Amino acid sequence: MASDAVNIVADIGGTNLRIGMLDQTGSIKNLHLYQCAEFSGLQTVLEDYFVQHQIDSSQVNACLAIACPVDKDLISMTNLPWEFKQSELKASLKLRSLYMINDYTAIAMSINSLDDSQKVKIGKGEPVAHKPIAICGPGTGLGVANLFEYQGQWISVGGEGGHVDFAPTDDTEVAILNFLKKKYSRVSAEQLLSGLGIEQIYQALCELHNVEPQPYKAKDISAKGITKDCDICHQAMQQFCKTLGSFAGNLALTTGAFGGVYIAGGIVPRFLEFFANSDFRTRFEAKGRFEGFNQAIPTYVITEPQPGISGASAFLTQQINNEVVCL
């Protein structure tokens with residue numbers, strides 16, 4: 001790593017953008033939080049940060065974790081009206097190097113550095129060393145990534161798993177699916193497992209119980225549901241946890257994630273006690289003949305507030321050292 005280089009890492013979500021720089025030890029310093037809605041695009045945020053810290057952009061190696069696909073030059077954010085070309089961003093800012101990675105690739109890269117103070121175990125099961133790890137996280141959207149070990153190195157394999165078809169498992173979820181089919185030609189898991197998803201579960205349950213829905217946002221539904229101030233809100237939060245359990249359990253089956261399944265994102269850590277006492281783990285294990293398969297797999301909630309930033313740091317450090325870390 002060149003001594004005059006400035007190594008910048010960022011975690012760009014649909015709502016917030018966190019950006020910092022690595023010091024000589026690899027620790028993150030000068031971490032700033034930006035509200036994405038206050039800026040017209042990513043370049044203006046980077047320019048603001050560079051000006052504030054008197055950074056010569058031509059010396060910058062940047063790893064930017066972003067909440068959308070990154071396999072093409074043109075980046076169009078899924079839950080934010082930002083669009084740009086990676087090549088033009090690099091050229092316009094005159095960056096030394098630029099790595100764009102999916103936000104859940106970054107979170108995956110952070111998993112092996114988390115200690116017990118940065119995660120909470122839900123239910124039974126113990127992790128098996130060197131086995132695959134799966135990550136999913138409800139937030140503005142629903143992110144998914146997987147982590148595999150290959151020749152002594154952990155490789156993050158990203159994708160758009162949050163956009164798989166929603167698969168109802170009981171009559172209530174069938175009713176929710178039918179409600180959402182009035183709005184969408186296709187219903188994905190993200191339509192239930194996200195901030196908007198909580199709102200849509202609530203609205204569907206109101207229709208199911210012939211109750212007039214209130215104009216509640218996700219934060220209102222979660223607050224009233226956890227305290228039981230509103231019965232439909234409480235049911236909505238219970239349903240959210242159940243559906244997330246089924247989805248996470250499907251990830252475990254798909255990847256054989258005996259290293260563990262991790263719940264990331266900004267939603268679940270806000271109501272950990274409620275979540276731990278919900279039917280999340282019951283649904284996670286409810287896989288028929290493969291119940292025993294999933295019972296052996298541990299599940300965790302990531303409570304570390306900046307996993308994307310630490311993962312981007314790990315990615316950038318290894319890329320600069322010419323190590324392949326992502327497929």
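This report walks through a sheet, a buried strand and the empty spaces of a predicted model.

**The six-stranded sheet**

Let's start with the open sheet, which has six strands in the order S8-S13-S12-S9-S10-S11 and mixed pairing. At its edges stand S8 (119–122) and S11 (153–157); each has a single partner strand, so one side of each has no neighbour in the sheet. From one strand to the next, the twist averages 25°.

For edge strand S8, the pairing goes like this: four bridges tie S8 to S13 (residues 299–302), and the two run antiparallel. Within that pairing, Lys119 sits opposite Ile302 of S13.

There's a helix to add to the picture. H7 (residues 231–255) lies across S9 (133–138), S10 (142–150) and S12 (260–263), and it runs at about 155° to S9.

**Strand S1 and its partners**

Now for S1, where seven of the seven residues are buried, so this strand is largely enclosed by the rest of the structure. Side chains in a regular strand alternate between the two faces of the sheet. In S1 both faces are covered: Val6, Ile8, Ala10 and Ile12 are buried on one side, and Asn7, Val9 and Asp11 are buried on the other.

S1 pairs with S4 (residues 60–66) through seven bridges, running parallel. Cys63 in S4 is the bridge partner of Val9. S1 also pairs with S2, this time antiparallel and with five bridges. Here Ile12 faces Leu17 of S2, and a hairpin of three residues links S1 to S2.

**Pockets and the cavity**

Here are the three spaces side by side.

| Space | Volume | Nonpolar | Polar | Charged |
|---|---|---|---|---|
| Largest pocket | about 1100 Å³ | 17 residues | 21 residues | ten residues |
| Second largest pocket | about 240 Å³ | eight residues | eight residues | two residues |
| Largest cavity | about 30 Å³ | eight residues | no residues | no residues |

The largest pocket, at about 1100 Å³, is lined by 48 residues, and the closest to its centre are Gly139, Thr140, Gly265, Gly266 and Ile267. Several elements give two or more residues to this lining: S1 (6–12), S2 (16–22), H3 (103–110), S10, H5 (195–208), H6 (218–226) and H11 (307–320). H5 provides the largest share, with four residues.

For the second largest pocket, the lining has 18 residues, and Val164, Asp165, Ser246, Phe247 and Asn250 lie nearest the centre. S10 and H7 each supply at least two residues of that lining. The largest share comes from H7, with seven residues. So much for H7 as a wall; recall that this helix also lies across S9, S10 and S12.

What about closed space? The count comes to one cavity of 30 Å³ or more, with a volume of about 30 Å³. Ile8, Leu46, Phe50, Val60, Ala62, Leu64, Leu95 and Leu98 form its lining. H1 (42–52) and S4 each give two or more of these residues, and S4 gives the most, with three. By class, the lining is made up of eight nonpolar residues, with no polar and no charged ones. Ile8 also turned up above, as one of the buried residues of S1.

Methods. Residues are numbered from 1 along each chain as its sequence is written. This is a predicted model: local features need pLDDT of at least 70, side-chain atom pairs count only at pLDDT 80 or more; totals for chains, interfaces and linings use all residues. Side-chain values use heavy atoms; hydrogens and water are left out. Two strands pair if DSSP finds at least two bridges between them. Axes are lines fitted to C-alpha atoms, for helices over the stretch in contact, and angles run from 0 to 180 degrees between N-to-C directions. Contact means heavy atoms within 4.5 Å. On a 1 Å grid over the protein atoms alone, a cavity is a set of points where a 1.4 Å probe fits but cannot get out, and a pocket is an open set with protein on both sides within 12 Å along at least five of seven lines; lining residues have an atom within 4 Å of a point. Grid points are joined across faces, edges and corners, and a volume is the space filled by probe spheres set on the points. Ala, Val, Leu, Ile, Met, Phe, Trp, Tyr, Cys and Pro count as nonpolar, Asp, Glu, Lys and Arg as charged, and the others, Gly among them, as polar. Buried means under 20% relative accessible area, exposed over 50%, partly exposed in between (1.4 Å probe, protein chains only).
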